[in-house]
Amino acid sequence: MTAAPTGREAFAGAGTLTGGEAVVRALAAHGVTDAFGIPGTHNLEIYRHLRPYGIRHTTPRHEQGAGYAADGYARVSGRPGVVITTTGPALLNIAAAVGQAYSDSVPLLVVSPGMPLRHPRQSTGLLHEMRSQTEALRGVAAFSHRVASVDEIGAAVARAFTLFRTQRPRPVHVEVPLDLLEAAEPVGAVRLAPPVGPTVPQPAALRAAAEALWGARRPALILGGGARAASAACLALAEELGAPVVTTANGKGVVDERHPLSLGVSLQFPAVQKSLADADVILAVGTELAESDVWGPLPALTGTLIRVDLDPAQMYAGLPADVALVGDAGPLLEALLTAYREGTARQGGPVHEGPGRAGPGRADLPQDGPRRGADPADVTALRTARDNETRARDAHRLPYLRAMRRVLAEDAVVTSDSAQCCYYGALPHLPLGPEGRYLHPTGFGTLGYALPAAIGAKTACPERQVVGLSGDGGLQFSVQELATAAQLHLPIPVVVFDNGGYGEIREQMAARGDTPAAVDLPSVDLSALARAYGGHGTTVRSPEELADALTEALNTSGPTLITVPEENLR
C-alpha cells in the first residue's frame, strides 16, 4: 500500500497501482478531504486507501442518507460531495439522492464498483448482479462512466471535476469493474481537471441588456441558485434599478430577505406573479424559471426577459430569453453593472429614487419625468398582499418561525424537507441573508432530505449552526441518520412539525372531494426515538418553548429532535 502523500507533487508520478488506490489518488489530487458511504464486499479496496490519502469518511446508515449528506456538504462548502457505494442495491439506494442533486444542480460524484470487465450478458448469480448499473444511473446523473483499465480511472475522475468547473454542476457516476479494483496495473501521472477562468461575455449581448435595463420603468429581478456567488452584484443592480427582488427556493437569501426591495421566495404567489407580468424588464439570474419554482404554470411575462445562466440550454427552455448572457453569473453581472453605470453616467444619472443606496448627485437630479423602479411603499404593499393570500393556511406557523429566527445566527444553515412547514412556512417566512443558507430539495422533491443533509452541512462547516426542519412523514424516510449524528456528536437540532402523516397529500385528496386514504400515520414518540438512537428529544407547545429548546440543542452534543405538534397550533 502506498505511503501517505505529502502534497500535490506526490500525485504527479507514474507507477503501478490497484484500481482502488487509483480511485483514491485521483480524489485526493482534486482536493477531496471528505467522503460519505457504506463499505461493502465489493468496494473494500477503495476503503483500504482512504486514510493513507488523508480522506475522512462518514458512514451514514443508508446509502440514500449518504447521498443527501454529500449533497448538503457540497451546497454549503462549494466543493463537490463524494459518495462511495458498493454494487447493485447500494447504488440503487442512492439513485433518489442523485436525482435530487441533478434537479438542484449540485456537484456530486458517486464512485462504485461494477460487474467484472468480461462479465457475461447472461445472468450468473454473482452477488449484487444487475443488468446495467450505468444505464440505471444515466437516468438520473449527467453521465455514468464505466472505466476499462486502471489507468482510465484518473481520466474518469478528472472528467467529473471538469464538468463541475465548466458546466452547470450535476451529479456524475464513475464505475470501476470489480476485477480492476484489485488489479495492479501501470498508471501514468494523475490527470487533473484544468483550472478555468471567468468567461468573457459578448459585448453585443451586454450592451443590449444594459440598454434594456436603462430604459426600464418597472424592472424586476428573479434570482435562482446560480446567482449565489454573485450576491453583491445582484444587490447592487437591484438598488441601482430600484427593482423588487424575487427568488426561487435555491436562490433564497441571495439578497437579504429583510432588504426593502426583497419579496423573498414568492414566485408562487398570485400577487407577485401579477407584478412580474406587469414588469417591463425582468433580469433572471441562475434559474430555470420552471414549474417547480412557480408551483404551477409559468406566468405570462410580457416584458423583456434577460436571462443570465451557465447553461446555454436555459436560454430557450421554458421562457425564452430576449437577451441571453451565457456564463458564470459573477463576472457577467459585474460586467453588466459596469455597462449600466457607464450608460447612467453618459445620460446624466438615473431618474428613479428607490430604497437602495443613494448614488452620486442623485439629490440634484430632476424628478418630474416618469418614475423608474419600485416605490418602497409599493414593495411593502406587495409583500402584505402576498402574505394575505395565504394567511389562513400559514399564520399558525409564523410565530414559531419568528422564534427560530431570533435564535439563529446570521450564517446559520437550515436544511429542509419536502414538508408543509418548509415550503409553506420557512421558504417564504423565515428570512435569511447571504451569509446563511437554506437547503431545500426542489424540483425532484424527495422526502427525507433534511436530517442527512444537515449532517453533511455540519461536516463541511462544523463552526456554523446547522438546523434541520422537517415534517413527521418526511423525517421517517431517513430517521435512522440520528444514529450517525449521535455517533459523530454533532449538535444538530431537528425541528419536526408533526401533523400526523402526509398532510399535503391529505389536503389534496380532500380538495378533490376524495376521502383521504393512506395518509394518516400512527403517532410516534419522536423524543423517545431520538433518545433510542443516542440523541435527545423534546416536545414544545409554544414559540417561547421552541426558542429555549433550540438554544439548548445548538449547544448540546449530538442531535436533538424538537417536536412541534401542529394540532396545538390552530
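**Exercise 1. Find how strand 12 and strand 13 pair, and over how many bridges.**

Solution. This is a predicted model. Take strand 12 at residues 281–285 and strand 13 at residues 304–309. They run in the parallel sense. The pairing covers 5 bridges. For a point of register, look at Leu283: Ile306 in strand 13 stands opposite.

**Exercise 2. Place this pair in its sheet and explain what happens at the edges.**

Solution. Start with the order: 11-10-9-12-13-14. The sheet is open, has 6 strands and pairs in parallel. Next, go to the edges. Strand 11 (262–265) and strand 14 (323–326) each have a single partner strand, so one side of each lacks a neighbour in the sheet. Finally, add the twist, which averages 15° from one strand to the next.

**Exercise 3. State which strands helix 10 and helix 13 lie across.**

Solution. Take helix 10 (residues 231–241). It lies across strand 9 (219–223), strand 10 (245–247) and strand 12. Its direction is about 165° to strand 9. Now take helix 13 (residues 329–346). It lies across strand 12, strand 13 and strand 14. Its angle to strand 12 is about 150°.

**Exercise 4. Describe the packing of helix 1 against helix 7.**

Solution. Two quantities describe packed helices: the angle between the axes and the distance between them. For helix 1 (residues 19–29) and helix 7 (residues 150–166), the axes come within 9 Å and cross at roughly 25°. Angles under 35 degrees count as roughly parallel, so helix 1 is roughly parallel to helix 7. The crossing is right-handed. Now list the contact. Gly19, Ala22, Val23, Ala26 and Leu27 of helix 1 meet Val150, Ile153, Gly154 and Val157 of helix 7. Sort these residues: 7 nonpolar, 2 polar and no charged.

Terms used:
Residues are numbered from 1 along each chain as its sequence is written. This is a predicted model: local features need pLDDT of at least 70, side-chain atom pairs count only at pLDDT 80 or more; totals for chains, interfaces and linings use all residues. Side-chain values use heavy atoms; hydrogens and water are left out. Two strands pair if DSSP finds at least two bridges between them. Helices (H or I, at least four residues) and strands (E, at least two) are DSSP runs, numbered from the N terminus. Axes are lines fitted to C-alpha atoms, for helices over the stretch in contact, and angles run from 0 to 180 degrees between N-to-C directions. Contact means heavy atoms within 4.5 Å. Angles under 35 degrees count as roughly parallel, over 145 as roughly antiparallel, 65 to 115 as roughly perpendicular and the rest as oblique. A crossing is left-handed if the near helix is turned anticlockwise from the far one by less than a right angle, and right-handed if clockwise. Ala, Val, Leu, Ile, Met, Phe, Trp, Tyr, Cys and Pro count as nonpolar, Asp, Glu, Lys and Arg as charged, and the others, Gly among them, as polar.
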